[in-house]
Amino acid sequence: MNPVLKLLLEGGSLTTAQIAQVAGFSVSEVEQHLEQLKKDKILLGWRPVLDLSREAAAAATVRAVIEVKISPERGGGFNRLAERLARFDEVESCYLMSGGYDLLVFVKGASLQKVAGFVSEKLSTIEGVLSTSTHFMLRCYKDQGFLLDVGEATTTRLNVAP
Amino acid sequence: MSNDPKRWVAGHVAALPKSGIRDFFELVAKMKGQDVISLGVGEPDFVTPWNIREAAIFALERGKTYYTSNLGMIELRRAISTYVTEHFGVDYRPEDQVIVTVGVSEALDLALRAFCNPGDKVMFHQPCYVSYHPSISLVHAQGVAVPTFAKDNFALTAEALRAAWQPGCKVLMLNLPCNPTGGTCDRIQLEAIAAFCREKDLLVLSDEIYSELTFEGTHTSIASLPGMAERTVFLHGFSKAFAMTGWRLGYACGPAALIDAMMKVHQYTMLCASIIAQEAALEALTRGWDSVLMMREQYHRRRDLVVRRFNEIGLKCHSPRGSFYAFPSVAATGRNEKDFASGLLLEQKVAVVPGSAFGENGVGHVRACFATSYEQLIVACDRIERFVQAPQK
């Protein structure tokens, strides 16, 4: 695997210069690797992992997971409808699932009403959507590998040990 | 009559030198609150993987709070036996050839106490882990240091062993890969050492605590070589590979008569290792290997980083094939290792341990542990570079 990609997968937040040091490349080589990852559509973009409950202005954001049943289509299966749903700005992630429903859709909105409105006016009115079941998220304990609030204890390693 | 309480301290204990690490620990402790980056530790920076910690919590919840068999839980000994067969290629019966101990430190102490008569000679390669020589002295045996050299990447050679050997040598202690040098021996070197041990009828105590952290090639245990299992006590533990230093859990495997002798000492002194640590260790052996591989990959990358930087800075450093220690020479700086370490700490706030803390053959070197984050290692190397380039005060 591309050594730069390996470091990205470790989930740290190294700068380009730090990646260069660790992987034993020059900074421009790392930039080339990153450019190639973008060209190959492996690296799609960068996003911070945030605990927005600590930021008053953003704390009101409402998140929900919606289980959606849709009818598959001859030729395209679930893809056309899934892509259509996924294009809405409200949708953060969208997965095709095995089991009791077809799509699992993660949405966010400024208020409960806005999310409810999106579900009732947009999502469920699309032809081919058979049913929806919306679950509002109450609290986040872990996001993308980061523990919120309940972090690890600060290190108590001795400074010098045999 | 003197009132000095020291009059009650046993002579051989009073005669033990103070650990050079201890001196340095106190120096670093004085700098508390300052932004010191420590490369002076001897343990992983990873916390024990959660599934292992969770197994210990589960065991506590089920009321596992009792003594175990002296030898350790049979389930754990079975798992150890399987693990040692798979990873080291030596078969030990869980019933009577495996003993679970409080860290490898206890296993080493048990072995020395069980096998050494006063005055027996014990060979050990040096630079070495700080407790080897004192442990030998504590059983009234006599330590015979065998030097390892930078030119050999600190591998132990049969020639050095032969040169240091003297009549009365009974035991050889090995620690490969080695703390503090990261030196290790390949199969050919080990075969020469094994042949020497057979020739001189030496018992081998092989402490292989860093074996999983071997970055190039495969680790070979001396116990797996022909004719060696019957004269080797294999010592291992969970501290380094599974990031479990604070759990204090190790084990020894060997011929039943030797394990039985160690068990005699263990039952009267320790009784058994902590049951909670044993439960955690069982989880580590059953479902911990992915974590070991993840940590090893990171150590590997960190090693490449620090070794490359040290050599760029002008601190000649071999690439340690195993462990998480780099052992660069500071000779080119014109300083001795103690002045280098204390100067670096005071001027640039990076802690490394003077090589002489690991025996006289460590002079001119420092031990830098790279079990710390990439970010910290990058900053530490930059600081070391500034220190080396600054005019000496």
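**Exercise 1. Identify which residues of H11(B) are buried, and state what they pack against.**

*Solution.* The buried residues of H11(B) are Met295(B), Gln298(B), Tyr299(B), Arg301(B), Arg302(B), Arg303(B), Leu305(B), Val306(B), Val307(B), Arg309(B), Phe310(B) and Ile313(B). Here a residue is buried if 20 or more other C-beta atoms, placed from the backbone, lie within 10 Å of its own. Helices (H or I, at least four residues) and strands (E, at least two) are DSSP runs, numbered from the N terminus. The model is predicted: local features need pLDDT of at least 70, side-chain atom pairs count only at pLDDT 80 or more, and totals for chains, interfaces and linings use all residues. Residues are numbered from 1 along each chain as its sequence is written, while chains are lettered from A and ligands numbered from 1 in the order in which they are written.

Next, consider the partners. In chain A, the buried residues of H11(B) pack against helix H2 (16-23). In chain B, they pack against S9, strand S12 (366-369) and helix H13 (374-389).

**Exercise 2. Compare the expected span of H11(B) with the distance between its end C-alpha atoms.**

*Solution.* The expected span is 1.5 Å times one less than the number of residues. H11(B) has 25 residues, so 36 Å is expected. Its end C-alpha atoms lie 36 Å apart, in agreement. Just after the helix, Gly314(B) takes a positive phi of about 105°.

**Exercise 3. Describe how the two domains of chain B meet.**

*Solution.* Begin with the bounds, which come from an automatic or database domain assignment: domain 1 of chain B covers 13-48 + 291-389, and domain 2 covers 50-288. Their C-alpha centres are 25 Å apart. Then count contacts, defined by C-beta atoms, placed from the backbone, within 7 Å: 33 residues of domain 1 of chain B touch 38 residues of domain 2 of chain B. On the domain 1 side, helix H11 (289-313) and strand S9 (325-326) of chain B each supply at least two residues. H11(B) gives the most, with seven.

**Exercise 4. State how many residues of chain A are in contact with chain B, and set out the extent of chain A.**

*Solution.* In chain A, 13 residues are in contact with 24 residues of chain B. For the extent, the C-alpha atoms of chain A fill a box of roughly 65 × 40 × 30 Å, taken along the principal axes. Finally, buried residues make up 16% of the 162 residues in chain A.

Definitions and conventions:
Buried ≥ 20, exposed ≤ 12 C-beta atoms within 10 Å, placed from the backbone.
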